[in-house]
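Q: Please take a close look at one part of this structure, namely the charged contacts and the metal site. I would like a connected account of which residues take part and how they are placed.

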Number of protein chains: 2
Amino acid sequence: MPQKISENIQDYLKRIYEFTLSGGRASTNQLAQALGISAASVTNMVQKLSKTEPPYLTYEKHQGVKLTPFGEQAALKIIRRHRLIEIYLVEKLGYTWDEVHAEAEILEHAMSPLLEKRIDAALDHPKFDPHGDPIPDINLEIPEIEQTALSSLEIGNKGRVLRVPNEDPQVLRYLGKFGIRPGAHIKLISRTPYDQTMRIKITETGNEAVIGPSLGNKISIAKDS
Amino acid sequence: MPQKISENIQDYLKRIYEFTLSGGRASTNQLAQALGISAASVTNMVQKLSKTEPPYLTYEKHQGVKLTPFGEQAALKIIRRHRLIEIYLVEKLGYTWDEVHAEAEILEHAMSPLLEKRIDAALDHPKFDPHGDPIPDINLEIPEIEQTALSSLEIGNKGRVLRVPNEDPQVLRYLGKFGIRPGAHIKLISRTPYDQTMRIKITETGNEAVIGPSLGNKISIAKDS
DNA sequence: ATTATAATTTAGGTAAGCCTAATTTTTATT
DNA sequence: AATAAAAATTAGGCTTACCTAAATTATAAT
Ligand SMILES: [Mn+2]
Ligand SMILES: [Mn+2]
Ligand SMILES: [Mn+2]
Ligand SMILES: [Mn+2]
């Protein structure tokens, strides 16, 4: 019996969705760290969420969790709201892209279906949030997008930025300074042999930026053919 | 030590502020009904809120409660946010004035100082909400407005609507239908002797409306000289 | 294959904010 | 002044979502 779902549970489901996007299961520790709570609390909660009717997720001891289709729908509902809020704040209220994530993390839980509808309409049904993440549509359909990690680009080759990681404001300010944002065209200049640090050139701004491998793995691009 | 204040407590303080606006104290039952909880729970909470350092309110057994200046500041902070949200939803997102109260009741708790600032700026520092209630300014100052109840108008005399009650969507739709809104000019046509029901004429729309005494007491006007 | 380390789970407990039922105090009515 | 009714308080409990510490299970390193 699908009841009202607490804000905490909404965040659990959202995190699990994110961690299992590319297949596999979300681990207890992973979730504990992401949610800023103890592993014991996570175990407790996921056990509970696996025993609802219908269950939000499947839980196997020591094997982590995975959303059921039911749980995934619930997660997508919040993710839609989160991303709509982010793009609305940027487009209509003059926020910068490094400010919106924290704000959306709170507001997503306070958004009524009506507000969701009005914001969606005011932006003419936007397809992407400020960081390039796709916004699930009203039916919670989310487009599959062909994308690879910036790290996998070969030297001399070009690509177009699709999405950047959105949690860390510092990183976003760094990227923004060079014009590394969704839609930007970039070219890989060099990669150091030992630590795989990359130099890339951004076409639009003419800037060159240094990107380490872990950040490079979190930036998605479309490779130029 | 002014800590973070829970959403529940924010609502308590807001209600107490409203009930004590015209002096006096807020009673346990009054609060219980307004908050939709038991009287016992209210007693418990107000006792707690009277023992914080500094206290949010003064509590005397069986005598009801009254906000301290500290508690009043806390209440005004939420009220500012509530009313800013209401006017924003009407001005920028196409809400009607009967839809905004319920929405603001939730969003007020999720609003960051930054969002408050941006919304305030986007509306060019609005002074009133859609129902004519004054919005406390950034320093939480709230203007004293000379106002009387519609009920106290004499037959044949005129006035200008200042504010209407904002909780009940049905009432707001009724008033809206006749054009009874802040700024509207009205004239009292008649008052029945037994139950004090009034007929009023709205200048702008030419409509005539019937208003009972209890509603008439909740509509504020400025009398024409 | 042991053994050490890391991850996870279990056990027991806490704080917020509610509840109902019983009791006390205040207020209103005869 | 006595009594009835209404309002408020106290007592005892419950649920949610956390916590720490201890125990267990899985994984990695010898
Ligand atoms: Mn959140
Ligand atoms: Mn984002
Ligand atoms: Mn509220
Ligand atoms: Mn209002």
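A: The account below takes the salt bridges in turn and then passes to the metal site. The model is a predicted one.

Across all chains, 23 salt bridges are counted. In chain A, two of them share the residue Lys14(A). One joins Lys14(A) to Glu105(A), with an N to O distance of 2.8 Å. This contact spans distant parts of the chain, since Glu105(A) belongs to helix 5 (residues 100-107) of chain A and Lys14(A) to helix 1 (residues 7-19) of chain A, 91 residues apart. Both partners, Glu105(A) and Lys14(A), are buried.

The other salt bridge of Lys14(A) is made with Glu108(A), at 3.1 Å from N to O. Because Lys14(A) sits in helix 1 of chain A while Glu108(A) sits in the loop between helix 5 and helix 6 (113-122) of chain A, this pair ties together parts that are 94 residues apart in sequence. With a relative accessible area of 2%, Lys14(A) is buried; this value falls under the 20% limit that defines the term. Glu108(A) is likewise buried, its relative accessible area being 0%.

A salt bridge in chain B has another setting. There the side chains of Arg199(B) and Glu208(B) meet at 2.8 Å, N to O. Arg199(B) counts as partly exposed because its relative accessibility is 35%, and Glu208(B) is also partly exposed, at 35%. Returning to chain A, Arg80(A), Arg81(A), Glu116(A) and Asp120(A) form one network through salt bridges that share partners.

The metal site concerns the manganese ion (ligand 3). Its coordinating atoms come from Asp11(B) (OD), Glu105(B) (O and OE), Glu108(B) (OE) and His109(B) (NE2), at 2.1 to 2.5 Å. Glu105(B) thus contributes through both O and OE. Along the sequence, the donor residues of the manganese ion (ligand 3) follow the spacing D-x93-E-x2-E-H. Asp11(B) lies in helix 1 (residues 7-19) of chain B, whereas His109(B) lies in the loop between helix 5 (100-107) and helix 6 (113-122) of chain B, so this pair ties together parts that are 98 residues apart in sequence. Asp11(B) and His109(B) are both buried.

In chain A, then, Lys14(A) of helix 1 is linked by a salt bridge to Glu108(A) in the loop between helix 5 and helix 6. In chain B, Asp11(B) of helix 1 and His109(B) of the loop between helix 5 and helix 6 are tied together, both serving as donors to the manganese ion (ligand 3).

Technical notes:
Residues numbered from 1 in each chain as written. Chains lettered and ligands numbered in written order. Predicted model: local features only at pLDDT ≥ 70, side-chain atom pairs only at ≥ 80, totals over all residues. Heavy atoms only, no water. Salt bridge = Lys/Arg side-chain N within 4 Å of Asp/Glu carboxyl O. Helix = DSSP H or I, 4+ residues; strand = E, 2+ residues; numbered from the N terminus. Buried < 20%, exposed > 50% of the residue type's maximum accessible area, 1.4 Å probe, protein only. Donors = N, O, S within 2.8 Å, 3.2 Å for Na, K, Ca; no water.
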